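Hi,

Here is the structure I promised you. Please open it and keep it in view while you read my notes below.

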Amino acid sequence: MYTLLTHNDLDGVGCGILAKLAFGDKVEVRYNSISSLNRQVEHFLEKNDLSQILMITDLSVNEKNEEGIEEFISRGGKVTLIDHHITAIHLNQYDWGYVAVEDDEGRPASATSLLYTYLIKQGFLAPSKAADEFVELVRLYDTWEWDRLSIQDAKRLNDLFFMFSIEEFEEKMFARLSKSEEFTFDELEMKLLDIEENKIDRYIRRKKREVYQTFIEGECAGIVHAESYHSELGNELMKEFSHLDYIAIVMVGGKRISLRTTHDHIDVSKVAARYQGGGHQKASGCNLTQEGFSIFVEQPFLIEPLKADAFHNRYNIKEPETFCLFSNHNQDIILISREADEEWKLEINREVIGIYPAFMDAERVVKRKYYAWLVRDDQYVEFLRKRYLEKQ
């Protein structure tokens, strides 16, 4: 008999579905949050049932459970842990640990894709086209490659996952992979997904007005309180506010923080590690500890939310032939103007702050230091009118 302890997101549930395809009634699958896994592992080890083979996927154990697993194996027990988070790479020192950030083809791995390969190599599961397609969609979504490659079905699969309970989703996918030659969405699911995409778009538009900027240990963080659509929200907010180093999505009710970035120079798994968490370089999570609550909730409470740049402008545009106009909550008049030799001058309230080699360098200062946004065309035209009258 097998006991599988896995994560409660799409990648973790994908592992549960594969385990049931491979072992049928001989496996008990339990879905866990990051914070609950170690308690589950402790309970399993305390039972000392050597007839049960323990498998852990998409999650890693703490140091205490590392030692407990070693003792369990020394008594004749069997354990396999499969994960793809870089923060778990140290578990490869054990015979029972298999952690790989990339698969055999050099692509970013997911726990589902690693488990699928493992089950096939061990002879527990025969590959099929439907399973191949399902596993690849999970991998694309979990590693965020779907966005880079514009493969919308991966995102739709995750949207579908959140429309049902874990048990309902598991049952639907198990039946589909067992009976279908190919993995596809049915007509009803497509209609539901269209409705869900509109709902997500409205949710993200609202949350764009609720982002708070602050500096945490030298990094410029955007903080937003949200309970849903964390991956989509984090990605869209990083596009909108690209000057931020990362987005922290705070869930006070669930006592969790989800961290997202699109920058290569930022590793949010290191940020998560400060608060009992971990994950990927660009997508991680951690507990909302008492320290985290003070930093991410209490201290930013009185900060004004960021305003997004005006996006329907025809005249006040970025990298203009002459200059563009920004403002902030202090109503400062902020200009970025084109200088000779393709340099850009930053001027605030008629005082020159600096000369920069690229527009984005000046804009980064404007947004990170002065919390400013590109104003609408009507404000830009009014500014030009006033400047013209001053010269008369």
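Helix H13 covers residues 359-370 (helices, H or I of at least four residues, and strands, E of at least two, are DSSP runs numbered from the N terminus). How far should its 12 residues span at 1.5 Å a residue? The expected span is 1.5 Å times one less than the number of residues, so H13 should span 16 Å. Its end C-alpha atoms are 16 Å apart, which agrees.

A note on the source: this is a predicted model, where local features need pLDDT of at least 70, side-chain atom pairs count only at pLDDT 80 or more, and totals for chains, interfaces and linings use all residues. Residues are numbered from 1 along each chain as its sequence is written, and side-chain values use heavy atoms, leaving out hydrogens and water.

Back to H13. Its buried residues (under 20% relative accessible area; exposed is over 50%, partly exposed in between; 1.4 Å probe, protein chains only) include Phe359, Glu363 and Lys367. Just after H13, Tyr371 has a positive phi of about 55°.

Now look at Asp309. It sits in the loop between helix H12 (290-298) and strand S12 (323-327). Is Asp309 buried or exposed? Asp309 is buried, because its relative accessible area is 9%.

Asp309 has contacts (heavy atoms within 4.5 Å) with residues including Glu363, Lys367 and Trp373, not counting residues up to four places away in sequence. The side chains of Asp309 and Lys367 are joined by a polar contact of 2.8 Å (N or O atoms within 3.5 Å, one able to donate a hydrogen and the other to accept it within protein; residues adjacent in sequence count only if both atoms are side-chain atoms). Another, of 2.7 Å, joins the side chains of Asp309 and Lys318.

Best wishes
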